[in-house]
Amino acid sequence: MEKYFFTGLIGLWLAVFSAAGLADSKAFKIEVVVFAQDQPTSEVLDQLESEIDWPRRLADLNNYPQVDPQYISLNGISAKLRRTAGYRPLLHVAWTQEVPADSIGTAVQLQNPSGSLNGFIRIQRGHYLYLIADMEYNPTGSLYYRLDEKRRIKLNEIHYLDHPKFGIIARVTPLS
């Protein structure tokens, strides 16, 4: 009888904590615009090879549901970049992804069709929310420019990650 009691108790304990873990998982809409820019700089930024610090767990963007175009919020920014001299959009994507509480979400690899942009974006949830980006822009095929940043963000706000050769505009929105 005691054996069944402990087996039942362990099963109940696992069910409660598994359900709690699922309740702590939250879905987000992640939207990213990456663009090239030609800003003068005296810094030496050229790399001769890729230096992206690839995580062990990396997912293809196609593994996540893409956001319906009518719910994309950065279209105006992307259009303005296309019309402004010195800026050129390289990639505009939006997807939904679940990120468990107190963890770092799976890194999502982002590449543009020409292959001049490569890297990943991920979300970290804890006491604060962070956007982690490690992206490289390779406009010539021989030089790489890297933007590697971890930025504390607020939900529903537009965030700008800057590099003299390219930039990232991102917005993370919770899904109910």
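Is N112 buried or exposed? With a relative accessible area of 7%, N112 falls under the 20% cut-off and is therefore buried. Please keep in mind throughout that this is a predicted model. Here are my notes, starting with the overall picture and coming back to N112 along the way.

1. **Overall layout.** The protein chain has two helices and ten strands. Following the sequence, they come in the pattern α-β-β-α-β-β-β-β-β-β-β-β. Of the 176 residues in the protein chain, 38% are buried. The accessible surface is about 10600 Å², and carbon and sulfur atoms account for 53% of that surface. If you look at contacts with a separation of 6 or more, 61% come from residues 24 or more positions apart.

2. **The open sheet.** A good place to begin is the open sheet of four strands, which runs in the order 3-1-10-9 with antiparallel pairing. Strand 3 and strand 9 are the edges: each has a single partner strand, so one side of each has no neighbour in the sheet. From one strand to the next, the twist averages 20°. Inside the sheet, strand 1 and strand 10 are joined by nine bridges in the antiparallel sense, and A36 has F166 of strand 10 as its bridge partner. Helix 2, residues 75–83, packs on this sheet and touches strand 1, strand 3, strand 9 and strand 10. The direction of helix 2 makes about 160° with that of strand 3.

3. **The hairpin at strands 9 and 10.** Strand 9 and strand 10 form a hairpin, with three residues between them. Five bridges pair these two strands in the antiparallel sense, and one of the residues involved is D162, whose bridge partner in strand 10 is G167. Strand 9 (residues 158–162) is worth viewing side chain by side chain, as its side chains alternate. H159 and L161 point to one face and are buried, whereas I158, Y160 and D162 point to the other face and are not.

4. **The nonpolar cores.** In soluble globular proteins, nonpolar side chains tend to be buried together. Here, the largest nonpolar core has 32 residues, and those with the most contacts inside it are V32, V34, W95, L110, F166 and I168. At least two residues of this core come from each of strand 1, strand 3, strand 5, strand 6, strand 7, strand 8 and strand 10. Another core, of five residues, lies apart from it and includes V33, F35, L74 and L81.

5. **L110 up close.** If you would like one residue to click on in the largest core, try L110. Setting aside residues up to four places away in sequence, L110 touches V32, L61, L91, V93, W95, L117, N118, G119, F120, I121 and M135.

6. **Back to N112.** Where does N112 lie? N112 is in the loop between strand 5 and strand 6. Beyond its neighbours within four places in sequence, N112 is in contact with L90, L91 and L117. Two of these names, L91 and L117, also appear among the residues that L110 touches.

7. **Salt bridges.** How many salt bridges does a search of the whole structure find? The search finds four. One of them joins D134 and R146, with the closest N and O atoms 2.7 Å apart. This pair links distant parts of the chain, D134 being in strand 7 and R146 in strand 8, twelve residues apart. D134 is buried, with a relative accessible area of 1%. R146 also forms a salt bridge with D148, at 3.1 Å from N to O. Another brings together the side chains of E149 and R151, at 2.7 Å from N to O. E149 and R151 are both partly exposed, with relative accessible areas of 22% for E149 and 25% for R151. Through shared partners, salt bridges join D134, R146 and D148 into one network.

8. **An exposed leucine.** L48 is in the loop between strand 1 and strand 2. At 72% relative accessibility, L48 is over the 50% cut-off and so counts as exposed. Even so, L48 has contacts from elsewhere in the sequence: leaving out residues up to four places away, L48 touches S142, L143 and Y144. L48 and L143 are 95 residues apart in sequence, yet their C-alpha atoms are 5.2 Å apart in space.

How values were computed. Residues numbered from 1 in each chain as written. Predicted model: local features only at pLDDT ≥ 70, side-chain atom pairs only at ≥ 80, totals over all residues. Heavy atoms only, no water. Buried < 20%, exposed > 50% of the residue type's maximum accessible area, 1.4 Å probe, protein only. Pairing = 2+ DSSP bridges. Core = buried A, V, L, I, M, F, W, Y, C linked by side-chain atoms within 4.5 Å. Contact = heavy atoms within 4.5 Å. Axes fitted to C-alpha atoms, helices over the stretch in contact; angles between N-to-C directions. Areas by Shrake-Rupley, 256 points an atom, 1.4 Å probe, with all protein chains shown as cover.
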